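Here is a short tour of a protein model for anyone who likes to look at contacts and ring geometry. Have the viewer open and follow along.

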Amino acid sequence: MNMKRNLGVALMALTLGSNVAVAQAPAAQKDWKGTWATAIEAPLDPWDYPKSSLSNRSVRQVIHVSIGGESLRMMLSNEFSATPVDIKSVYIANGDLDQIDAKSAKYLKFNGKKSITLEPGQTIFCDDLAYDLKPLQRLSVTVCYGERTPEKPTTHRGSRTTSYIMKGESKPKAAFVVDEKIDHWYSIGSLDVKASSDVQCISVLGNSITDGRGTTTNMQNRWTDFLAEAYEGNVGVLNLGIGGNAVIEGGLSQPALKRFDRDILGQRGAGVLVIFEGVNDIGGAWKGRSEEKAEKLIEAYKTLIDKARKAGMRVYLGTITPFKGNNYYNIWHEAARQYVNEWIRNAGFADGVIDFDQLVRDEADPQKLKAEYSDDWLHLNPKGYEAMGKYAATVITWPVLLAE
């Protein structure tokens, strides 16, 4: 390739255009990149954990990955538990629900061993594992617990997928005899793959609208799932939404300001952050305090954007979607929403704006969601989430990389 050709390729690589990389550099270095993640948290209510202890039981959980790879590692967490957790073994396999392809099953190892004990507050990555992980596939993760397990295990409440529990230690080739079903994840926090250094990843900070309230259980139709599919599995999409979460204070689980370093800055390979959160801050504002809450929310956005930029990330802000018809709605809350959205659109503080509000609002009544997009006037349904994911993929742009 001559000098003129080299310069042309370099200029195109710096131009924001296509949403996905056209081709990878022939000898690109491979780095750890997130293909799936969830925001771990403490259980809040008795129905957030199984009816019986996890001790001497196995839990099969399903995740929907974004990018593929030939080498992976999973992070397990006991961060929000007060006592140790004994894990006899963990294996992954292709498949969904309670059925797997046993031939694809492989055990995770920790310093060469299948078993591991996680102390309270501890997280750990497994050893590198060779595995042919396909983009956008569903992967089953079976965690077999030992004698000691926390009464309140580290979890993610809004899994939107069914976890299957059986007595004893599960084996890949043996029947998985379901003793209990529950729609939460336990002990699993993230999955990374070795991918070319030019592969891009997005972390999404959000509340229940990102977590998937209103989706179809086991169908993987959150807006972030549609985003990953719009990128055809070429971009890592990491959903760090938590149902009921707030940015500043209150809400459910740790607010965004407190969990940001772990849930966002702690992800591997994420060069883009989407912040789409704030409706719970506004909806929870006391009468007469909406203006104050809106100002604090904007200051919080600035803090998060500044931290992300210092970590080398580009930041997109999502406008807050309408909620007229829901019990969050009153004239003060609506005024706060409009005020915050106008700041997001016009302040120029972020690198880009994803105007979800304009996308999903009813043209005849802009304070409401389109009727076909929502069942409760706050959360979206699968049709609405599909529109959001496909739209976001047109807004978040990437450098074009050309093969030699």
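## Around Asn 218

Leaving aside residues up to four places away in sequence, Asn 218 touches Leu 97, Arg 138, Arg 160, Thr 161 and Thr 162. Keep in mind as you look at these contacts that the model is predicted. Asn 218 sits in the loop between helix H2 (208–211) and H3. Is this loop residue buried or exposed? Its relative accessibility is 19%, and under 20% counts as buried, so Asn 218 falls in the buried class.

## Helix H3 and what follows

Moving along the chain, we come to helix H3, which spans residues 223–230. Of its 8 residues, 6 are buried, so the helix is largely enclosed by the rest of the structure. The buried ones are Trp 223, Thr 224, Asp 225, Phe 226, Leu 227 and Ala 228.

Just after H3 comes Glu 232, with a positive phi of about 60°. Glu 232 belongs to the loop between H3 and strand E17 (236–241). At 60% relative accessibility, Glu 232 counts as exposed, whereas Asn 218, in the loop between H2 and H3, counts as buried.

## Another positive phi

Leu 136 is a residue other than glycine with a positive phi, in this case near 70°. You will find Leu 136 in the loop between strand E9 (129–133) and strand E10 (138–145). With a relative accessibility of 25%, Leu 136 is classed as partly exposed.

## Aromatic pairs

How many aromatic pairs are there? The count comes to 10. Take Trp 36 and Trp 185: their ring centres are 5.2 Å apart and their planes meet at 90°, so this pair is edge-to-face. The two tryptophans link distant parts of the chain, with Trp 36 in strand E1 (residues 30–37) and Trp 185 in strand E14 (residues 185–186), 149 residues apart. Trp 36 and Trp 185 are both buried.

Phe 276 and Phe 356 make a tilted pair, with 4.7 Å from centre to centre and 50° between the planes. This pair also links distant parts of the chain: Phe 276 is in strand E18 (residues 272–276) and Phe 356 in helix H8 (residues 356–360), 80 residues apart. Both phenylalanines, Phe 276 and Phe 356, are buried. They belong to one aromatic cluster together with Trp 223 and Tyr 391. Trp 223 brings us back to H3, where it is one of the buried residues.

## The chain as a whole

Stepping back, the protein chain has 9 helices and 22 strands. Its radius of gyration is 21 Å, close to the 22 Å that the globule rule gives for 404 residues, so the chain is as compact as a globular protein of that length. Along the principal axes, its C-alpha atoms fill a box of roughly 65 × 55 × 35 Å. Buried residues account for 54% of the 404 residues.

Which share of contacts between residues at least 6 apart in sequence joins residues at least 24 apart? That share is 81% in this chain. As for the surface, the chain exposes about 16900 Å², with carbon and sulfur atoms supplying 51% of it. The chain carries 48 positive and 49 negative charges, and the mean positions of the two sets are 3 Å apart.

Methods
Residues are numbered from 1 along each chain as its sequence is written. This is a predicted model: local features need pLDDT of at least 70, side-chain atom pairs count only at pLDDT 80 or more; totals for chains, interfaces and linings use all residues. Side-chain values use heavy atoms; hydrogens and water are left out. Helices (H or I, at least four residues) and strands (E, at least two) are DSSP runs, numbered from the N terminus. The radius of gyration is taken over C-alpha atoms; the globule rule is 2.2 Å times the number of residues to the power 0.38. Buried means under 20% relative accessible area, exposed over 50%, partly exposed in between (1.4 Å probe, protein chains only). Contact means heavy atoms within 4.5 Å. Accessible areas come from the Shrake-Rupley method with a 1.4 Å probe; for residues, only the protein chains shown count as cover. Lys and Arg count as positive and Asp and Glu as negative; His and the chain ends are not counted. The place of a charge is taken as NZ of Lys, CZ of Arg, CG of Asp or CD of Glu. Rings of Phe, Tyr and Trp (its six-membered ring) pair if their centres lie within 6.5 Å; planes under 30 degrees apart count as stacked, over 60 as edge-to-face and the rest as tilted.
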